[in-house]
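Reader: I have just begun to read protein structures, and I would like to understand where the labels come from. Could you take me through some of them, one at a time?

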Amino acid sequence: RRLLTVISPKSLLRHKERISTLDELTAGRFQNVIPEAEKLDAAKVKRVIACSGKVYYELLAHRRERSITDVAIIRLEQQYPFPHEEFNAALAQFPNAREVVWCQEEPQNQGAWYRLREYFRADSLPEQSVSYAGRPVSASTAVGYMSKHLAQQKQLVEDAFAEKLSDGERVQT
């Protein structure tokens, strides 16, 4: 017997994309890294977005709505200890990707970015850049206004796919 702990935002409990078959629940296993789920031409992929949590579904919807075929999305389900082998295997599926982007909903200084960026640098190829797409640094966990929250959410999803951030420069480390 093992303890099962599920932490999930309420918005995902009935999300139409977030379903598992009975077989997956009984015979499946936890995946530290979930690779790209859709059929993409791996040779055409120029960017890999890594994310965790519900932002994945917003990134996926954005990609589908705009028919983007050169960006892959992988999910990092376990952040510590970092699953180097599985992450490398997911990245290796896209040998022509020149950029790895970490996308998170939390402000830059409150999410996993500062801890994970060294792992991304270590696991990415020398010619790949590693960058961040998400909310700016903030002293609070939330902006306090729904309209501003939604605008920031829309912006971080767009930034994950954008060639350049809205101010002209991608956050690069």
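**Labels and their reasons**

Author: Let us begin with Lys-46, which has a relative accessible area of 36% and is therefore partly exposed, and please keep in mind that this is a predicted model.

Reader: Why is Lys-46 called partly exposed?

Author: Buried requires a value under 20% and exposed a value over 50%, so the 36% of Lys-46 places this residue in between. The 22% of Asp-70 leads to the label partly exposed as well, because 22% is not under 20%.

Reader: What makes the contact between Asp-70 and Lys-46 a salt bridge?

Author: The side chains of Asp-70 and Lys-46 meet with 3.3 Å from N to O, and because the limit is 4 Å, the pair qualifies. Asp-70 lies in the loop between helix 2 and strand 3, whereas Lys-46 lies in the loop between strand 1 and strand 2, and these two residues, 24 apart, link distant parts of the chain.

Reader: How do you know that Arg-47 forms a salt bridge with Glu-99?

Author: The closest N and O atoms of Arg-47 and Glu-99 are 2.9 Å apart, which is within 4 Å, and therefore the pair counts. This pair also links distant parts of the chain, since Arg-47 belongs to strand 2 and Glu-99 to strand 4 (residues 99–107), 52 residues apart. Both Arg-47 and Glu-99 are buried. Salt bridges join Lys-46, Arg-47, Asp-70, Glu-99 and Glu-163 in a network, and a search of the whole structure finds 11 salt bridges.

Reader: Why is Glu-65 called exposed, and what is the label of its partner Arg-66?

Author: Glu-65 has a relative accessibility of 60%, and because this is over 50%, Glu-65 counts as exposed. Arg-66, at 45%, does not pass that cut-off and so is partly exposed. The closest N and O atoms of Arg-66 and Glu-65 are 3.2 Å apart, and they form a salt bridge.

Reader: Why is strand 3 said to be largely enclosed by the rest of the structure?

Author: In strand 3 (residues 71–76), 6 of the 6 residues are buried, and that is why the strand is described in this way. Val-71, Ile-73 and Arg-75 are buried on one side, and Ala-72, Ile-74 and Leu-76 are buried on the other, so that both faces are covered.

Reader: Which strands pair with strand 3, and in which sense?

Author: Strand 1 (residues 33–34) runs antiparallel to strand 3 and is joined to it by 2 bridges, with Val-33 opposite Leu-76. Strand 2 (residues 47–51) pairs with strand 3 in the parallel sense over 5 bridges, and one of the partnerships is that of Ile-49 with Ile-73.

Notes
Residues are numbered from 1 along each chain as its sequence is written. This is a predicted model: local features need pLDDT of at least 70, side-chain atom pairs count only at pLDDT 80 or more; totals for chains, interfaces and linings use all residues. Side-chain values use heavy atoms; hydrogens and water are left out. Buried means under 20% relative accessible area, exposed over 50%, partly exposed in between (1.4 Å probe, protein chains only). Helices (H or I, at least four residues) and strands (E, at least two) are DSSP runs, numbered from the N terminus. Two strands pair if DSSP finds at least two bridges between them.
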